[in-house]
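Colleague: Hello! I am new to this structure and would like to learn how to read it. Could we go through it together?

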Amino acid sequence: MSRRFAAVDLGASSGRVMLADLSDGLSLTEAHRFPNGPVRVNDRLYWDVLGLYREILTGLRAAGPVSAIGVDSWAVDYALLDESGAMLGNPVHYRDERTAGVAERVAASVGAETLYDVSGLQVLPFNTLYQLLAEPRLGDAATMLLIPDLIGYWLTGEAGAEVTNASTTGLLDVRTREWALPLIKQLGLPPGLFPALRQPGDLVGGLRRDVAGEIGWSAPVRAVGSHDTASAVAAVPATGPAFAYVSCGTWSLAGVELPGPVLTPESRAANFTNEAGIDGTVRYLRNVMGLWLLQECLRAWPGSDLGELLKAAAAERPFAAVVNPDEPVFLPPGDMPARIAAECRRTGQRPPASPAAYVRCVLESLALGHRLAVRQAMELSGRDVEVVHLVGGGSRNELLCRLTADACGLPVVAGPGEATTFGNVLVQARAAGLVSDLAQMRALVASSQPLRRYEPSGDRHAWDEAASRVF
C-alpha cells in the first residue's frame, strides 16, 4: 500500500496542494502553491472558486499518484447549486457587507439564547445562517455546499457536508451533530438545501473519470476535518489534555479542546463558540482577528520587507500603543494603518509613528487577544491549562510567539507551521489503518516536526495595564 497522501488546503490568502509521505515518519512536500483573495465586482466581494479549482487540479497533477486526497478550507462560505448541479454564481466572500444588520434581526426574532442553545456558535456577522438569510439566489437553489464540500463534489460528483465545517454554519445542533431542522424551518430556510452529513475519514467518492484523465491518475477522496481549524487542532502536538491552542493565520482561533459543549449564559455572553472537532471533541474557542491586521498593513506598504520590519519591531518601545484586534472596524479590507491610528486616537493613545511601530502594535494587540481568549476559555470551561500550543503560519513569527507567552504567562510551544496539512493527511492515514487514534496522530507530529518552546518573561503588570486600555 502506498503511504502517500495529498492534502488540498485552501486558506483565506493562499492555497496549496501538499504531498505527505508516511513511509518513514511524516514528511511533507509542497506540490503547488497559489494565491487566493477576494474579487470585487459591482461593489460585492466574491471568491474566484473556479480559479481555485483550476489550481487544485494543477497541484494534484504535480503531486502524482497517492492513496487518497483530502480537502480543507476556511469556514462559513458556500456555493449554491441548482437541480442539475450547476453553480449559481461565485461564492460571496465572508468580508462582504451584505449581512450588515442580519444578526441583530435574527436575534430579535428567534432569540440569541435560543440560537446559542441550539448551535453553541459565537455571533459573527458572516456566519453562514446570516449569509443565507441575505442570499437573493435562494429560491433557485437545490443544494448548499460549503467550500471544501464543493471541491469534493467537483472532484467526485458526490455531494455532502462534512460535520466539522457544518458546525460553523450556526445551523447544526451542537448536541446531536445533525442539522438543526426545527431552527432551519423557523428561519424560513428550505431544509432540502442541506445535504447529508459526513464524518472525518468517511469516503467522499472516487475521482470522476474526466478529472482522473486531466490529472493523469485516480484515487479516492476522503472527508477530513474540512474546516481548516479542525485539521490544525487535530495536529496539535500535545501530550495530555491540559493545553490551550492558538491556530494562527489570517485568523487566530484560540481556545481549548473539550469532550462536550459549554452552553452557559456566561459562555454566550463571552461570545465563545462550540465547533465540532475530530472524534467527537469540541473546539471551544473564540475568533481573534489574527494576522489579517499585519497582512493588510503590508498591503499598504508596497515593497516592505517583513523580516526587517519584525526585527525593527522587536526593538520598538513596548506597549506604546495597543488596540482591540476584534473591533469591527478592522474586518473589511482597506487601509489598515489608518484604521489602527484612528482606533488609537479613539482610545486616547498616540498612533504609531513608523511601520515598525505599527507592527509592534499589531503583534502586542494580537498577544493580548490570545491572552484574553485563553484565560476566558479556561474560566468558562473549567479546563486547566499548562501550555499553549501555537500552530499555523503564526508559529513562524518568533516575536508573536514570545509576546504570546509573556501575555498569557504560560509556556508557548510553537509549531508545526503546517498543522492544518498534518491534520488533513493524518485523518486520511487513519482511514487507511496507518495510525490508530488522535493521541497517536499527535505523537507522530510531535516526534517528527521541529518545535520551539518560549517561556514567559517580562512584567505581568505592564500587560495588565495595556489590556486595560482596550478591553
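Colleague: How many residue pairs are in polar contact across the interface of domain 1 and domain 2?

Modeller: Good place to start, and please keep in mind that this is a predicted model. Across that interface, 16 residue pairs are in polar contact, both residues having pLDDT 80 or more. On the domain 1 side, the elements giving two or more residues to the surface that touches domain 2 are α3 (112-119) and α6 (163-166). Of these, α3 gives the most, with 5 residues.

Colleague: How do the residues of that side of domain 1 divide into nonpolar, polar and charged?

Modeller: There are 15 nonpolar, 9 polar and 6 charged residues on the side of domain 1 that touches domain 2.

Colleague: Let me step back for a moment. Where do the two domains lie along the chain?

Modeller: Domain 1 covers 4-226, while domain 2 is made of two pieces, 238-415 + 436-470. Their centres, taken over C-alpha atoms, are 25 Å apart. To the contact, domain 1 brings 30 residues and domain 2 brings 34 residues.

Colleague: And how should I read the buried area? How much do domain 1 and domain 2 bury between them?

Modeller: The idea is to ask what accessible area the two parts lose on being put together, summed over both. Here domain 1 and domain 2 bury about 2300 Å², and 58% of that is on carbon and sulfur atoms. Within domain 1, the residues losing the most area to domain 2 are Arg95, Tyr116 and Gln122, which together make up 32% of what that side buries.

Colleague: Now salt bridges, please. How many does the rule find across the interface of domain 1 and domain 2?

Modeller: To read one, look for a side-chain nitrogen of Lys or Arg within 4 Å of a carboxyl oxygen of Asp or Glu. The rule finds 1 salt bridge across this interface. As an example of how a pair looks, Arg268 forms a salt bridge with Glu113, with 3.6 Å between the closest N and O atoms. The structure as a whole holds 26 salt bridges.

Colleague: Which residue forms a salt bridge with Arg16?

Modeller: The partner is Glu418, and the closest N and O atoms are 2.6 Å apart. This pair links distant parts of the chain, 402 residues apart: Arg16 is in strand β2 (residues 14-21), and Glu418 is in the loop between β18 (412-414) and α16 (419-431).

Colleague: What can the backbone tell me? Is the peptide bond from Gly415 to Pro416 cis or trans?

Modeller: That bond is cis, with omega near 0°. Pro416 is also found in the loop between β18 and α16. For another backbone feature, try Asp43: its phi is positive, about 65°, although Asp43 is not a glycine. You will find Asp43 in the loop between β4 (38-41) and β5 (44-47).

Colleague: Last one: which residues does UniProt list for "domain: Carbohydrate kinase FGGY C-terminal"?

Modeller: The unreviewed UniProt entry lists residues 244-432 for that feature. Over this stretch the chain is 45% helix and 16% strand, with its end C-alpha atoms 29 Å apart. The UniProt feature "domain: Carbohydrate kinase FGGY N-terminal", also from an unreviewed entry, is placed at residues 65-233. Over residues 65-233 the chain is 33% helix and 15% strand, and 27 Å separate the end C-alpha atoms.

Terms used. Residues numbered from 1 in each chain as written. Predicted model: local features only at pLDDT ≥ 70, side-chain atom pairs only at ≥ 80, totals over all residues. Heavy atoms only, no water. Domains from an automatic or database assignment. Contact = heavy atoms within 4.5 Å. Buried area = accessible area lost by both parts, 1.4 Å probe. Polar contact = N/O pair within 3.5 Å; in protein donor to acceptor, adjacent residues only side chain to side chain. Helix = DSSP H or I, 4+ residues; strand = E, 2+ residues; numbered from the N terminus. Nonpolar A, V, L, I, M, F, W, Y, C, P; charged D, E, K, R; others polar. UniProt positions renumbered as here; feature names shortened; annotations may be inferred.
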